[in-house]
Amino acid sequence: MTLALRFDNSYARLPGDFFTRLDPTPVKAPRLLALNAGLAAELGMTDIPDAGTLAAIFSGNTPPEGAAPLAQVYAGHQFGGFSPRLGDGRAILLGEVVDRDGQRRDLQLKGSGPTPYSRMGDGRAWMGPVLREYVVSEAMHRLGIPTTRALAAVATGEEIARETLLPGAVLTRVAASHIRVGTFQYFFARRDVDALQALADYAMARHYPEAEGPEEFLEAVIARQARLVAQWMSVGFIHGVMNTDNTTISGETIDYGPCAFMDAYHPATVYSSIDRQGRYAFQNQPGIIAWNLAQFASCLVPLMPDQDAAVARFTEMIHAVPDRVHAEWLRLFRAKLGLASAREEDERLIVDLLTLMAENQADFTNTFRALGNDVARDQFTDRDAFDRWAARWQARVAGEPDPQALMDATNPAFIPRNHRVEQMIAAAVAGDMAPFERLMQVLARPFDDQPEAEDLARLPLLDEVVQATFCGT
Ligand code: AMP
Ligand code: MG
């Protein structure tokens, strides 16, 4: 099947123990749910085929010409416990496409059938998590936060067994690459230094060509991940499953399983139904990324000429990670308050607002969005306390050049609210894609006021509140 995509499959040219070649498992009756036309154009798809052809391609029934399908192997710490072999248990890398800007991008099918890494799983995904990832990852991209993208979603026409029978689907994911901390851990655990070296060389050439060796490589990954986590926190995002196999080397957000954007602000918020200890709660994310990066640093030690010196140096670098996240966090939250300049007392101002928000269960997104126009006050039950804070903020912001413009460009009006995502999924399962289309349209311009979409900026009603999101299995 031709798609006019220019494949160049460099991962498939790595040593054979990096992956298993295999085709996606065909599905019964593929039906196109969504195609991301903008992303398709970026990738160089000039002539878009008809829906039937697209469904055949992006279900995996007829892989595109030039693809070299394979399942990647990796390991990872899941909730702190190490699994020496995970790998793509329900995903197939079709290959890499060099996009119209010359960037190399992975095309991966997720939900495409069993692989040697499936263990007990069926290799499939149901429509809910597929559409959640589609909407949330694209929203993240429009918020300006590095992320994998969604190119297509296809219903398989098959039912899959979860707690009930659910309609199956396949997501086509586009990523800078799918190399994870866990990819390094796989070879590190096997003490395969040659493979580690080959993987490091490959990942550096692909993502950090300026890095001259493992230390610069580590530094670059730390910088991107520290920034990423701060960006998540600046929009109230909780990843939910920050395992090392879900931490990319590229610095993109990956794996939207039990993730969510917060409504009411509370630092201990956790949605994931499988995260009973709250390991990946909102406020824990900086510490967790430091922990994950420590695992990555360990994998690079065998590549260093003086390993004792490397351990000492890398330890320092890892200990600095929470401070680096904090520095990014401070920069981003200053902007959220309309502050272009930096002053010592700003941190206090930010923290005091967040404390008040937590005490008053103020909506994270709507409070920041409205700070400049007084509607924010309604978010607080203790209005006097808010007024006292607002007076301090007004005094601080007074000398700033254009705080409102800065705030409007930093504080989104629209995020993919959990209850709207759940409603969208329920509609899609019933055959109605209209809520999906509307969400996608509104979330494409998150920083624009869109009065006609007021309902999507609203908090959930009591009976709409989503208590937990479930792992996308
Ligand atoms: P995740 O929690 O989605 O990051 O997945 C963790 C591991 O479980 C990865 O190795 C996945 O490929 C695997 N996995 C998740 N769901 C399934 C499934 N339905 N079938 C096979 N493997 C799965
Ligand atoms: Mg994963």
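A charge counts as sitting over a ring when NZ of Lys or CZ of Arg is within 6 Å of the ring centre and within 35 degrees of the ring normal. This is a predicted model, and Arg 180 gives a case of that arrangement: its charged end sits over the ring of Tyr 74, 4.1 Å from the centre. Arg 279 does likewise with Trp 291, lying over the face of the ring at 5.1 Å from its centre.

**Rings against rings**

Aromatic rings also pair with each other here, and the count comes to 23 aromatic pairs. Take Tyr 11 and Phe 18: their ring centres are 6.3 Å apart and their planes stand at 70°, so the pair is edge-to-face, the label for planes over 60 degrees apart. Tyr 11 and Phe 18 are both buried. They also belong to a cluster linked by ring pairs, together with Phe 19, Tyr 186, Phe 187 and Tyr 202.

Trp 232 and Phe 237 make another pair, with centres 5.6 Å apart and planes at 65°, so this one is edge-to-face too. Trp 232 is buried, and Phe 237 is buried as well.

**Around ligand 1**

Now for the bound molecules. Ligand 1 has 18 residues around it, and the closest are Gly 87, Gly 89, Arg 119, Gly 123 and Asp 255. Sorted by class, that shell holds two nonpolar, eight polar and eight charged residues. Three of the glycines come up again in polar contacts, through their backbone atoms:

| Ligand 1 atom | Backbone partner | Distance |
|---|---|---|
| oxygen | Gly 87, polar backbone atom | 2.6 Å |
| oxygen | Gly 89, polar backbone atom | 2.7 Å |
| nitrogen | Gly 123, polar backbone atom | 2.8 Å |

How much of the accessible area of ligand 1 does the protein cover? On its own, ligand 1 has 480 Å² of accessible area, and the protein covers 87% of it.

**The magnesium ion**

Which residues supply the protein donors of the magnesium ion, ligand 2? They are Asn 246, through OD1, and Asp 255, through OD, lying 1.9 to 2.2 Å from the ion. Both of these residues are buried. Asp 255 therefore turns up twice: it is a donor to the magnesium ion and is also listed among the closest residues to ligand 1.

Note on methods:
Residues numbered from 1 in each chain as written. Chains lettered and ligands numbered in written order. Predicted model: local features only at pLDDT ≥ 70, side-chain atom pairs only at ≥ 80, totals over all residues. Heavy atoms only, no water. Phe/Tyr/Trp six-rings, centres within 6.5 Å; stacked < 30°, edge-to-face > 60°. Buried < 20%, exposed > 50% of the residue type's maximum accessible area, 1.4 Å probe, protein only. Donors = N, O, S within 2.8 Å, 3.2 Å for Na, K, Ca; no water. Near = heavy atom within 4 Å. Polar contact = N/O pair within 3.5 Å; in protein donor to acceptor, adjacent residues only side chain to side chain. Areas by Shrake-Rupley, 256 points an atom, 1.4 Å probe, with all protein chains shown as cover. Nonpolar A, V, L, I, M, F, W, Y, C, P; charged D, E, K, R; others polar.
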